[in-house]
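Below are some comments on the model, set out as numbered points. They deal with confidence, sheets, helix packing and a few backbone details.

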Amino acid sequence: MTQHLAAPAAAPTTGTHTGWWRDAVIYQVYPRSFADGNGDGMGDLEGVRGRLGYLKELGVDAVWLSPFYASPQADAGYDVADYRAIDPMFGTLHDADALIREAHALGLRIIVDLVPNHCSDQHEWFKQALREGPGSRLRERFHFRTGKGENGELPPNDWESIFGGPAWTRVTDPDGTPGDWYLHLFAPEQPDFNWEHPAVQDEFRSILRFWLDLGTDGFRVDVAHGLVKAPGLPDIGARDQLKLLGNDVMPFFDQDGVHEIYRSWRRILDEYEGDRVLVAEAWTPTVERTARYVRPDEMHQAFNFQYLTTDWDAAALRQVIDGSLAAMRPVGAPTTWVLSNHDVTRHATRFANPAGLGTQLREPGDRELGLRRARAATLLMLALPGSAYVYQGEELGLPDVTDLPDEVRQDPSFFRAAGQDGFRDGCRVPIPWSGTQAPYGFGTGGSWLPQPDSWADLSVAAQTGDPHSTLELYRTALRLRRERPELGAGDGVEWLDAPAGVLAFRRGGFVCTANTTGTAIRIPAPGEPLLSSGTPGDALAEEGLLPADTTVWWQVTSG
């Protein structure tokens, strides 16, 4: 559905080298759960466009949109059938054009999700490859292999899907006989592309230009670490391979060949004005390997998953902060900081539970404790040098919905054994805007996942104007971040002496102190308090008492 629209609206700022992304706060919108513009119970682009004013007022710099492409929705749009078309549930290409134009008019940039590792099994290339059978040239654009065993009845290797089960599915040939197997690192409906094939490389260069010409300001690249597989697709020789991720370089992840792909993409983006950006979703064993994705001729940012997975513990946080800054400094890239996204349990719920349980939790934990820690973690994150990501609804203090009935769940990994826990639906429940009962202003036609009865007090309307609400904390923090030149861009912090369990660092005339313990700790007040994540009942920070699980920002008054 390639269409030619009017010339795109200009990006919010002019010039080709503004470096806006170095200290940007980027807000992730999961379109189906943000706002419903047509009343069908599913969020859409019209709904997003109608709420852009809210995002402007919140104080973010850019909006990252999760996939809205034409898709059978086997994995919430990460199974793309047509990269140049909008899925009808989200709207039309004209809706996307209008959204980009209005965002630019408000001074917001738009980053779109790009899914290059795999497509949908309903992509025209894959459907034709199946129709044509063995020997089809289109099969070379994927990873088709003959199975092992006497009759090819076993998968070609021992690779396991991230969603559980084997990473291979056997096809039935046009004559009805069992045929070859194809590789899918995720769901069977998501066949992996073969990135050694020139047609795949050419197609994605064309896709980049299509969306850049429409005016998008960049791309978040899904599974950026997965495009290139080790030659020969060798066996791993171990089971429970998901547990190995993050510890070893796997033959299907973080192969060196991916970097030449991103160098070619960077050359395309550099042809366009306005500092268009590439952001890597790259799960790597170390932050040093992550830094390889953001060398000067590759991507601009990479998600800092090491930070996201760190527990609320001062020593652990300092270690990952220092390591992240040190790894990015040699390549001249900004560090990114993120606490939540559409694939992990919201941090208000993770921090409500004991440490060390991972990023997908089933228990609600201590709600009051989780929110207190989440607010403190947010102020700490926003005080660090680099770019920060905010996932929709975290500014409302939303917890994960941990008690969704099995019959409403849609996460494909929930229905497969031995893969991810499959509880990502809990962080994808539509967010509340107003009203006292569901769907809380999300739309006029209900919501595709049920919202809790307890969310009325968490809505945007309920929190707006309440100086103690989480929403107003975010608004104030983002305003101060914009106003203070010490915050945002940079590549280091000056650590200050602090008691065990407390982080304290200085950036110019600004000091951040974070107490990660469950008890109040007395510290020398470094200046006048600017902002505290704590609650009205806390002891005054001016007295030098740092409340439990609280972060305070200070204006330095001397030295």
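1. Two strands are taken to pair if DSSP finds at least two bridges between them. On that basis, strand β7 (residues 168–172) and strand β8 (residues 178–183) pair in the antiparallel sense over 4 bridges. Within this pairing Thr169 stands opposite Tyr182 in β8. The hairpin of β7 and β8 has 5 residues between the strands, and Gly176 there takes a positive phi near 90°.

2. Before further detail is read, please keep in mind that this is a predicted model. The mean pLDDT of the protein is 93, and 93% of its residues reach 70 or more. Over residues 13–17, however, the pLDDT is below 50, although this stretch has 8 contacts in the model beyond near neighbours in sequence. Where pLDDT is low, the predicted coordinates should not be read in detail.

3. The hairpin belongs to an open sheet of 3 strands, whose order is β6-β8-β7 and whose pairing is antiparallel. The edge strands are β6 (144–145) and β7, each of which pairs on one side only. Between β6 and β8, which run antiparallel, there are 2 bridges, and Phe144 stands opposite Tyr182 in β8. Tyr182 thus appears in both pairings, facing Thr169 as well as Phe144.

4. Which helices come within 10 Å of each other, as judged by their axes? They are α11 (residues 367–383) and α13 (residues 470–483), and their axes cross at roughly 10°. Since angles under 35 degrees count as roughly parallel, α11 and α13 are therefore described as roughly parallel to each other. The contact is made on the α11 side by Leu371, Arg375, Thr378, Leu379 and Leu382, and on the α13 side by Thr470, Leu473, Tyr474, Ala477, Leu478 and Arg481. By residue class, the contact of α11 with α13 divides into 7 nonpolar, 2 polar and 2 charged residues.

5. A second point of assembly concerns an open sheet of 5 strands, with the order β14-β15-β16-β20-β18 and antiparallel pairing. At its edges stand β14 (494–495) and β18 (527–532), each with a single partner strand, so one side of each is left without a neighbour in the sheet. The strands β14 and β15 (residues 502–507) run antiparallel and are joined by 2 bridges, with Glu494 standing opposite Arg506 in β15. Helix α11 packs on this sheet, where it touches β15, β16 (510–515), β18 and β20 (550–556), and its direction makes about 35° with that of β20. Helix α13 also packs on the sheet, touching β18 and β20, and its direction makes about 130° with that of β18.

6. Some backbone geometry in the loops deserves a separate look. Leu233 has a positive phi of about 50° although it is not a glycine, and its place is in the loop between β9 (218–221) and α6 (258–269). Is Leu233 buried or exposed? With a relative accessible area of 9%, Leu233 is buried, because the cut-off for that class is under 20%. Asp275 is likewise not a glycine and has a positive phi of about 55°; this residue is found in the loop between α6 and β10 (277–280). At 11% relative accessibility, Asp275 counts as buried.

7. Finally, a cis peptide bond joins Ala438 and Pro439, with omega about 10°. Pro439 has its place in the loop between β13 (387–391) and α12 (460–463).

Notes
Residues numbered from 1 in each chain as written. Predicted model: local features only at pLDDT ≥ 70, side-chain atom pairs only at ≥ 80, totals over all residues. Heavy atoms only, no water. pLDDT = per-residue confidence, 0-100. Contact = heavy atoms within 4.5 Å. Buried < 20%, exposed > 50% of the residue type's maximum accessible area, 1.4 Å probe, protein only. Axes fitted to C-alpha atoms, helices over the stretch in contact; angles between N-to-C directions. Parallel < 35°, antiparallel > 145°, perpendicular 65-115°, else oblique. Nonpolar A, V, L, I, M, F, W, Y, C, P; charged D, E, K, R; others polar.
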